[in-house]
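The following exercises invite the reader to study one protein model together with its ligand. Each task is followed by a solution that proceeds step by step.

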Amino acid sequence: MEQYKYLIVGGGMAGDSAIKGIRKVDSKGRICIICAEADPPYDRPPLTKALWTGKKSLKAIWRKTPKRRVDLHLSCVAQKIDPSKKLVYDDKGDVYQYEKLLLTTGGTPRHLPNDLPEIMYYRTVEDYRKLRKLAEESIEFCVIGGGFIGSEIAAALTMEHKSVTMIFPESGICGRVFPEKLSHFLSSFYSKKGVKILPNTSVSSMEKRNDGIHVHIGVGQDLRFGAVIAGLGITPNTELAQNAGLKVENGIVVDRFLRTSDPDIFAAGDVANFENPHLNKRLRVEHEDNANVMGERAGRNMAGDLMMYDHLPFFYSDLFELGYEAVGELDSRLQTVVDWKEEFREGVLYYMDQGRIRGVLLWNVWDQVDSARELIAKKKVYKPNDLISLLPKPQLDA
Ligand SMILES: Cc1cc2nc3c(=O)[nH]c(=O)nc-3n(C[C@H](O)[C@H](O)[C@H](O)COP(=O)(O)OP(=O)(O)OC[C@H]3O[C@@H](n4cnc5c(N)ncnc54)[C@H](O)[C@@H]3O)c2cc1C
């Protein structure tokens, strides 16, 4: 049985960032990371963006994990935690003893009810490798889901001159996040780029036949594709924590110091449900900045440099030549105030609840994330007109 001061289950961006955090405080303590994937930790966002636009090569996505003096157990699944003995058991029959344990198990893509083994639920670098191969063939692609992953993959494949059809139940692209007008603009923008858009549409069943994958929509409509990619969101991987008796509720519940209901077990990243003081609510965030900052904080906290996690994460996306950064709560059910410099091309959108800013969308507006964070943190009550021209703030060195 191997003994570790720090054991991490999950080798994604949060797990890797935790190692960085630990090493800032403790240069010697033994660290082990157990990861189900065969690849060492890497950045996921380029899988739908920079690897397709040519801004990054596959070589550039890998994290520096192996250089941080850590035992890396890949293709290895943690199956059970025994918190009373501080042991973790893996699927190869190995047992690990820990002093501090971190769970960064992320999430599993949601599957369609009528699933087929051929459907690609895009999440890993292995999925990227498969899709790259498929993109070399002359086939038609179907993307199911109009959220972050669906919209980015559809753009990436279209830029590769592939024929792409998007199917999603909302009335416009990213309809759960953007107000209706912006979401409808995006749908027509995608159409102009050549993507066939099928909004307000659900897949009723799918079939694999000799001539491809048949996707059935509505009543009796049958569409045929060479490949189908689905982006339907994720469910947090909480089973391990739940079976160990840790508190789980839409993710693994952690306190402000990222400790679970067992003080020697921490959680971070997509799987963690944490309290955010700026929004006065519990959140579970599925974005890179949260995985990086929270992972590093968890690592430092495990190593004894205990501080609260009070970061308000941001996220971003690229949709063809359009792009944005966003902070806080972006929910299309909230009231929005729009401040366009040029409609749908450049501007700031505020997501409001009872006059307070809950989220800010910076649409082709850059270097304003910290200013947006400050506005949310102020918790001031605004009238819609007060928000016009509030951002962007001039940069000091501009
Ligand atoms: C294609 C793609 C593009 C994205 N683009 C953006 C973007 O543009 N902007 C943005 O802000 N965010 C983006 N995200 C989201 C961001 O990548 C995630 O928030 C981040 O990866 C979460 O990191 P994590 O370490 O918490 O979880 P994950 O990255 O999911 O890593 C969890 C790891 O744990 C492993 N694991 C799970 N259970 C076990 C177990 N029992 N034993 C061993 N290993 C286990 C999994 O195999 C996985 O490797 C994107 C995500 C994807 C998939």
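**Exercise 1. Determine which domains contribute to the shell around the ligand, and describe the make-up of that shell.**

Step 1. In this predicted model, at least three residues of the shell come from each of two domains: domain 1 (2–43 + 63–107 + 234–302) and domain 2 (111–230).

Step 2. The ligand is surrounded by 36 residues, of which G10, G12, G106, G269 and H287 are the closest. Two or more shell residues are given by each of the elements α1 (13–25), α7 (288–302) and β21 (314–319).

Step 3. Sorted by class, the shell holds 16 nonpolar, 13 polar and seven charged residues.

**Exercise 2. Assess how compact the protein is for its length of 398 residues.**

Step 1. The protein contains eight helices and 25 strands.

Step 2. Its radius of gyration is 22 Å, and the globule rule gives 21 Å for 398 residues; the two values are close, so the protein is as compact as a globular protein of that length.

Step 3. The C-alpha trace spans about 60 × 60 × 40 Å along the principal axes.

Step 4. Of the 398 residues, 42% are buried. Among contacts with a separation of 6 or more, 61% join residues 24 or more positions apart.

**Exercise 3. Find which residues of helix α8 are buried, and establish how they are arranged around the axis.**

Step 1. Helix α8 comprises residues 369–378, and its buried residues are V369, A372, L375 and I376.

Step 2. These residues lie on the same side of α8, because the arc they cover around the axis is only 120°.

Step 3. The other side of α8 carries the exposed residues D370 and K378.

Step 4. The cover over the buried residues of α8 includes β21, β22 (322–328) and β25 (356–363). Strand β21 also gives two or more residues to the shell around the ligand.

Step 5. After α8 comes K379, which has a positive phi, near 55°.

**Exercise 4. Decide whether Y98 counts as buried or exposed, and identify its contacts.**

Step 1. Y98 is located in strand β6 (residues 95–103).

Step 2. A residue is buried if 20 or more other C-beta atoms lie within 10 Å of its own. Y98 has 24 C-beta neighbours inside 10 Å and therefore counts as buried.

Step 3. Apart from neighbours within four places in sequence, Y98 is in contact with Y4, L7, K86 and V88.

Step 4. Y98 and R259 are 161 residues apart along the chain, and 15 Å separates their C-alpha atoms.

Conventions: Residues numbered from 1 in each chain as written. Predicted model: local features only at pLDDT ≥ 70, side-chain atom pairs only at ≥ 80, totals over all residues. Near = placed C-beta within 6 Å. Helix = DSSP H or I, 4+ residues; strand = E, 2+ residues; numbered from the N terminus. Nonpolar A, V, L, I, M, F, W, Y, C, P; charged D, E, K, R; others polar. Domains from an automatic or database assignment. Rg over C-alpha atoms; globule rule 2.2 N^0.38 Å. Buried ≥ 20, exposed ≤ 12 C-beta atoms within 10 Å, placed from the backbone. Contact = placed C-beta atoms within 7 Å. Arc of directions from axis to C-beta.
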